[in-house]
Amino acid sequence: MKTIEFGALVFGVSDAGNVCMVKCFSSDHTNSLERIEKMPVCRVEIAGEKELKANGMDVTAEERKLRYVSHKIKGDTLTIIQRSCFVEVTSTYTKYEDTNAVRVCQTVKNLNGDEICLELVDTVGIYFGKDAKIESKDWRFHKFTNARYTEGMPDVRSLFEMGLMGAYATFRVENTGNASSRGHVPQGILENRKTGEHIMFQIESYHDWIYEIKKVRNVFTLQAGGPTAHRHAWNKVLAPGESYTTIPVALAGGESLNKVLAQMTRYRRHIKADNAADSQLPAIYNEYMHFSWDDPNAARVHMMAPRVKESGCQYYVVDCGWHDSADITETLGMYYKFGTWYEDKSRFPEGIRATADYVRSLGMKFGLWIAPEVVGIRNEKMLEYYDQDCFFIRNGKKITSGRGYLVDFRNPKVYDYMSRTLDRMIDEYGCDYIKFDGCPNAEFGTELHATSPGDGLEKAEEAFLSWTKAAMERHPNVIFEDCAGGGLRMDYRALSMFSLISTSDQTAYNCYPYITANIFASVLPEQAAVWSYPVDSKLYDPDNEDKVNERVSKERVVLNMVNAILGRIHLASRIHLLDDEKRALIREGVDVYHRLTPEKLESVPYLPKGYTEYKDTFVATGIKTDEKVYLAVWNLNGDRTVKLPLPEIQVRDVKVIYPTTLETKYVFDEESLTVEFTEDEQARLFQITI
């Protein structure tokens, strides 16, 4: 056997020319090649060539025919070339400094004289475990569920509990459509609870993806990649000489949960685009949540903006409803008329630019929301303007998503109209910040200009992202936010481009800690935007505004701010109704947020109690640098005295950094922190010197 070593990965080449990954971080099969030499690094399925032996991604005919040709290591990149009579497969592995993570993609080239039709090309396949018969209870899998309002929630189970003890058992998670994390975040972690080894993977897709865990030849396999014919109505026809490249998948390893998350976090920073306007992580006020909702206007901005300036936020964002046809006389009425994207003069009589200029006169920058992929089903003007092939089409009909039709950015008419729209919002209306929203879901895709609906979806989404990238390049001083009804596009194809993402549309401040506590497993701290809304709408009485302040306690203000400080602050709600003392607590929280920026940009997640389960009464999460841990703790109607272990660090000192004006009782030693809360709902932010 010939071996190829590359970072934490080792590949074996058998005497027959089969290539397989024999070591993936601590999962080592270098001494048992005979068991796994039929497990290729990439699966390729060609229509008409399939071997029908099992229901899964692990059995295809073409992969068995692939034979090693060559490999090359150049700098931080390894390429391995294999060929069959039909295709050439180039496997590309890229490593990065300061992390053991490796990014993988596959390129398949048609060597045949005729067209071929690909039905499956996955990106990565690995073996793990030594003896599946006895290890199914030792290995655990961390799945990340992503329901709306409970985004990024880990679900950890043993492979035995997942049913993976039988010979043909398969555990499969997939996404269909362009809401890339609707249901699950495209990532997972394999953990051996006896040895402590962890292997994390991240699928970087803005649309379809799939991963499977199976028992094969008495070891376990993980296969991960993009769309398939069987699950996503996808195929890809390649002409002679034509190639197809898969979506990337990243792998990272570590000896604990915190360590593997640290490796993946450092990797994510390598692929994240730089944006000078966002380099200092400015704090943002967005008036949508618990204030304007879908009904903004110039008067509200003029009334609120001075208080926002006082809070320390640098950006003021007007959300949904600034645009024409924003009819709110009917419940959700505006959503039927999206798509024109001109300012609504009834709401902004002097125009959006006058409002933006006023915000700028206070020393802040201005932003607007848009849902660029949708035209409302009652927007007669745009439906007349756009041709039929401007939309996603299936079975000859326009595809609806909610109350709108999906537009196809491959069409020059769509591309040009929406380019002019963004340029107008930025150059004429004065935007320094653009929030992309809407979670249109095309499900299986579009049949136009494609060999299958899944192929159409893949092409259309790449066209949308290319349009987005071009807009970002035209406007390098603008911050672009990724949002999809909250965090329903939480993937690193998007987050390699966008500066930040809305983590949720959660409206309950005392439920957000469950999202904050786990979200850094899925998103960089500097990209994870969290709402902070001290004045909940339930406390607001328009006939008695002077009574609102009495209903908002100082501790409620603090809890809202702690929710957001370790991520990206999205301040919201009627903060102008609070008294000086409570507004000072908001300002203090924003100031602490800004002080943490340099360290946040270098930090990794620190989860002292592991993941938080929804409705836990004691919640804790943190970010860690070489010298400090910043730790947020919450009491949510639980025991008022709690003891928190502090694993994997040597504690030298602990102090409360927010709030500093309210009493906090705590003691610490080298191994734990004990906090005595005084109220049923309370939060504190600690600085731990290590």
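## A tyrosine in a turn of the chain

Tyrosine 149 lies in the loop between strand S11 (139–147) and strand S12 (150–158). Let's start our tour of this predicted model there. The phi angle of tyrosine 149 is positive, about 80°, although this residue is not a glycine. Most residues other than glycine have a negative phi. Is tyrosine 149 buried or exposed, or in between? Its relative accessible area is 35%, so it counts as partly exposed.

Glutamate 443 is another residue to look at for its phi, which is positive at about 50° although glutamate 443 is not a glycine. You can find it in the loop between strand S29 (433–436) and helix H11 (453–474). Glutamate 443 is partly exposed because its relative accessibility is 31%, and partly exposed covers values between 20% and 50%.

## A cis peptide bond

Now move along to tyrosine 658 and proline 659, which are joined by a cis peptide bond with an omega of about -5°. Most peptide bonds are trans. Proline 659 has its place in the loop between strand S38 (653–658) and strand S39 (665–668).

## Two nonpolar cores

Which residues touch the most other members of the largest nonpolar core? They are Tyr316, Trp322, Tyr386 and Ile434, out of 131 residues in that core. Helix H14 (residues 554–565) supplies the largest share of this core, with seven residues. There is also a second, separate core of 54 residues, and Val124, Leu164, Trp234 and Leu251 are included in it.

To see one member of the largest core in its setting, look at isoleucine 434. Leaving aside neighbours within four places in sequence, isoleucine 434 is in contact with Leu368, Ile370, Leu422, Met425, Ile426, Val478, Ile479, Phe480 and Glu481.

## A buried phenylalanine

Phenylalanine 220 sits in strand S17 (residues 219–228). With a relative accessible area of 0%, it is buried, because buried means under 20%. What surrounds phenylalanine 220, once neighbours within four places in sequence are left aside? Its contacts are Ile126, Tyr127, Phe128, Ala132, Glu135, Ser136, Trp139, Leu159, Leu164, Lys214 and Lys215.

For a sense of distance, try threonine 400. It is 180 residues away from phenylalanine 220 along the chain, and the C-alpha atoms of the two are separated by 41 Å.

## Helix H5

Helix H5 (residues 257–271) is made of 15 residues, and from its first C-alpha to its last it reaches 22 Å, close to the 21 Å expected at 1.5 Å a residue. How many residues of H5 are buried? The count is 12 of 15, and the helix is mostly covered. Among the buried ones are Leu257, Val260, Leu261 and Ile271, and also Arg268 and Arg269.

## Where H7 meets H15

Helix H7 (residues 298–311) and helix H15 (residues 580–595) have axes that come within 8 Å and cross at roughly 55°. H7 is therefore oblique to H15. On the H7 side, Arg307, Lys309, Glu310 and Ser311 take part, meeting Arg583, Ile586, Arg587 and Val590 of H15. Sorted by class, this contact has two nonpolar, one polar and five charged residues.

Histidine 576 lies in the loop between strand S33 (568–571) and H15. It is buried, with a relative accessible area of 17%. Beyond its neighbours within four places in sequence, histidine 576 is in contact with Phe291, Met303, Met304, Arg307 and Arg583. Two of these names should look familiar: Arg307 in H7 and Arg583 in H15 also belong to the meeting of the two helices.

How values were computed:
Residues are numbered from 1 along each chain as its sequence is written. This is a predicted model: local features need pLDDT of at least 70, side-chain atom pairs count only at pLDDT 80 or more; totals for chains, interfaces and linings use all residues. Side-chain values use heavy atoms; hydrogens and water are left out. A nonpolar core is a set of buried Ala, Val, Leu, Ile, Met, Phe, Trp, Tyr and Cys residues joined through side-chain atoms within 4.5 Å. Buried means under 20% relative accessible area, exposed over 50%, partly exposed in between (1.4 Å probe, protein chains only). Helices (H or I, at least four residues) and strands (E, at least two) are DSSP runs, numbered from the N terminus. Contact means heavy atoms within 4.5 Å. Axes are lines fitted to C-alpha atoms, for helices over the stretch in contact, and angles run from 0 to 180 degrees between N-to-C directions. Angles under 35 degrees count as roughly parallel, over 145 as roughly antiparallel, 65 to 115 as roughly perpendicular and the rest as oblique. Ala, Val, Leu, Ile, Met, Phe, Trp, Tyr, Cys and Pro count as nonpolar, Asp, Glu, Lys and Arg as charged, and the others, Gly among them, as polar. The expected span of a helix is 1.5 Å times one less than its number of residues.
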